[in-house]
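Please look through the structure below before reading on. The text after it goes from the sheet to a helix, a loop residue and the pockets.

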Amino acid sequence: MKLEHLNLVVVSLEKSLAFYQAAFPHWVIRGEGQSTWYGTPRNWLHFGDDYNYLTFNDGGSGENRDLKSNSVGMAHFAFVTTNLQDVIDRLRLAGFELAKYSDAEEYRKNAYFIDPDGYEVEFVEYLSDIPAQRNLYV
């Protein structure tokens, strides 16, 4: 079993796409349309490749959870990359600020960005293919 997609409620499809297109330049819009969610009309789109994607649903309101709190909700989600610096450079070039960076672990380094809707997104590069090393926490 593997994760196929995440479904995110966002304020603006365009702003969300700007962030995720910078992170994933090889992904495309797989489909899009309109629907109604409990009486509220919204636009949606699937952005990804043939195997994985993100669903964005516009019309979101309110604030995302305070990431510094212990409130129930999503803390962050992560993507594995083979070149973390390239991801950082693309996102910075697109105008997004690096929130956190760590290379303190011997076999991995990671960077966190906050997307336009307040979701914390981690990008991790593993420096070993050995699971015991990749999963080591010191």
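What follows is a short walk through this model, which is a predicted one.

Start with the sheet. It is open and made of four strands, in the order 1-4-3-2, with mixed pairing. At its edges are strand 1 (5-9) and strand 2 (28-37), each of which pairs on one side only. From one strand to the next, the twist averages 20°.

Now take one pair inside this order. Strand 3 (residues 40-48) runs antiparallel to strand 4 (residues 53-57), and five bridges join the two. One position to find is L45, whose bridge partner in strand 4 is F56. Helix 1 (residues 13-23) lies across strand 1, strand 2, strand 3 and strand 4, and it runs at about 15° to strand 3.

Between strand 2 and strand 3 there is a loop, and Y38 is found in it. Y38 has a positive phi, near 50°, although it is not a glycine. With a relative accessible area of 75%, Y38 counts as exposed, because the cut-off for that word is over 50%.

Last come the pockets. The largest pocket has a volume of about 250 Å³. It is lined by 15 residues, and those closest to its centre are F24, W27, N52, A78 and F79. Strand 5 gives the most to this lining, with four residues. By class, the lining of the largest pocket has ten nonpolar, three polar and two charged residues.

The second largest pocket has a volume of about 170 Å³. Among the residues that line it are V9, V10, V11, P116, D117 and Y119. Its lining has five nonpolar, four polar and two charged residues.

How values were computed: Residues numbered from 1 in each chain as written. Predicted model: local features only at pLDDT ≥ 70, side-chain atom pairs only at ≥ 80, totals over all residues. Heavy atoms only, no water. Pairing = 2+ DSSP bridges. Axes fitted to C-alpha atoms, helices over the stretch in contact; angles between N-to-C directions. Contact = heavy atoms within 4.5 Å. Buried < 20%, exposed > 50% of the residue type's maximum accessible area, 1.4 Å probe, protein only. 1 Å grid on protein atoms, 1.4 Å probe; cavity = no way out; pocket = protein on both sides within 12 Å on 5 of 7 lines; lining within 4 Å. Points joined across faces, edges and corners; volume = space filled by probe spheres on them. Nonpolar A, V, L, I, M, F, W, Y, C, P; charged D, E, K, R; others polar.
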